[in-house]
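Here's a small set of exercises to help you find your way around a protein you haven't met before. Have a go at each task, then read the solution.

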Amino acid sequence: MLSPIARIKVALNGGRHPGAHPALPCTPAELAVAAREAVAAGAEAVHLHPRDTGGRESLHAADVGAAVAAVRDACPATPVGVTTGLWITDGDAAARQRAVAGWAQLPPARRPDFASANVAEPGFTDLVATLRDLGVAVEAGVWSVQDATALSTASTVNGIDGVPRVLIEIMSPQTDPMAVLARLDELGVPGERLLHGEDELCWPMVALAGRLGLPTRIGLEDTLTAPDGAPVTGNAELVRHALSVWAAAG
């Protein structure tokens, strides 16, 4: 069961290189501190990209388990989720599948509550099935109207009986978020909608989410600056800005 998000999920680090921001958390200890501060600022869920000892993104069980356990200890009442981005295995869907299946060796306390799975990436259907077998809830990443259609097709053709949350992730100014939302509704795709953008689209999507009454996402994964373009101190400051933008827009 995936707890709904009323307003804000924090995305602590994403795929940014260590050192991209002074407060970018990479190690389990750094993730724990950043998560605690972001939750204290108002974040209702935590999304993170686990790293190996060299600071590279990782889907290996040991790295995922260490990151999840550290954040869960720091924020025991807050759901913790991870990425399954295909770029982490250099585009190798089979390698990703093996890595995620390896999470079965983790005790439940070290498994994430949820994981994002991008509809446009090869292996989506198998990935969703594996995550469900592990007891990990799925957030389906939808980047376009075409992805919305593909998610519906996966439900009807491949037997995916819906996902609890759909991430409408706006990566390009050419993508109309309202068209994506409308297509999901037209096709009857179930699941909570969460709307967010990255870089220059980050703050406009936070505001749009507020106007629509949808939850959104913020964090150093998405932007390194405040709405006015000024540098931020870290994830907690971004959460505070996002809550203000979201509320003002609504």
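What follows is three exercises on helix packing and pockets, all worked on a predicted model.

**Exercise 1. How do helices H1 and H8 pack?**

Task: Work out how H1 and H8 are oriented to each other, and which residues meet.

Solution:
- Step 1: Find the helices. H1 covers residues 28–41 and H8 covers residues 235–249.
- Step 2: Look at the axes, which come within 8 Å and cross at roughly 20°.
- Step 3: Angles under 35 degrees count as roughly parallel, so H1 is roughly parallel to H8.
- Step 4: Get the handedness: H1 passes H8 in a right-handed crossing.
- Step 5: List who touches whom. From H1 you have Ala34, Glu37, Ala38 and Ala41, and they meet Asn235, Ala236, Val239, Arg240 and Leu243 in H8.
- Step 6: Sort that contact by class, and you get six nonpolar, one polar and two charged residues.

**Exercise 2. Which way does H7 lie against H8?**

Task: Say whether H7 is parallel or oblique to H8, and describe their contact.

Solution:
- Step 1: H7 spans residues 202–212, and its axis comes within 7 Å of the H8 axis, crossing at roughly 45°.
- Step 2: That angle makes H7 oblique to H8.
- Step 3: The crossing of H7 and H8 is right-handed.
- Step 4: On the H7 side, Trp203, Val206, Ala207, Ala209, Gly210 and Arg211 take part; on the H8 side, they meet Leu238, His241, Ala242, Val245, Trp246 and Ala249.
- Step 5: By class, this contact of H7 with H8 holds nine nonpolar, two polar and one charged residues.

**Exercise 3. What lines the two largest pockets?**

Task: Describe the lining of the largest pocket and of the second largest pocket.

Solution:
- Step 1: Start with the largest pocket, which holds about 230 Å³ of space. Its lining has 18 residues, and the closest to its centre are His49, Trp87, Asn118, Glu198 and Glu221.
- Step 2: Strand S4 (residues 114–118) gives the most to this lining, with three residues.
- Step 3: Split the lining of the largest pocket by class: four nonpolar, nine polar and five charged.
- Step 4: Move to the second largest pocket, with a volume of about 160 Å³. Its lining includes Pro22, Leu24, Glu30, Val33, Thr233 and Gly234.
- Step 5: H1 and H8 turn up again here, each supplying at least two lining residues. H1 gives the most, with four.
- Step 6: By class, the lining of the second largest pocket has seven nonpolar, three polar and two charged residues.

Key. Residues are numbered from 1 along each chain as its sequence is written. This is a predicted model: local features need pLDDT of at least 70, side-chain atom pairs count only at pLDDT 80 or more; totals for chains, interfaces and linings use all residues. Side-chain values use heavy atoms; hydrogens and water are left out. Axes are lines fitted to C-alpha atoms, for helices over the stretch in contact, and angles run from 0 to 180 degrees between N-to-C directions. Angles under 35 degrees count as roughly parallel, over 145 as roughly antiparallel, 65 to 115 as roughly perpendicular and the rest as oblique. A crossing is left-handed if the near helix is turned anticlockwise from the far one by less than a right angle, and right-handed if clockwise. Contact means heavy atoms within 4.5 Å. Ala, Val, Leu, Ile, Met, Phe, Trp, Tyr, Cys and Pro count as nonpolar, Asp, Glu, Lys and Arg as charged, and the others, Gly among them, as polar. On a 1 Å grid over the protein atoms alone, a cavity is a set of points where a 1.4 Å probe fits but cannot get out, and a pocket is an open set with protein on both sides within 12 Å along at least five of seven lines; lining residues have an atom within 4 Å of a point. Grid points are joined across faces, edges and corners, and a volume is the space filled by probe spheres set on the points.
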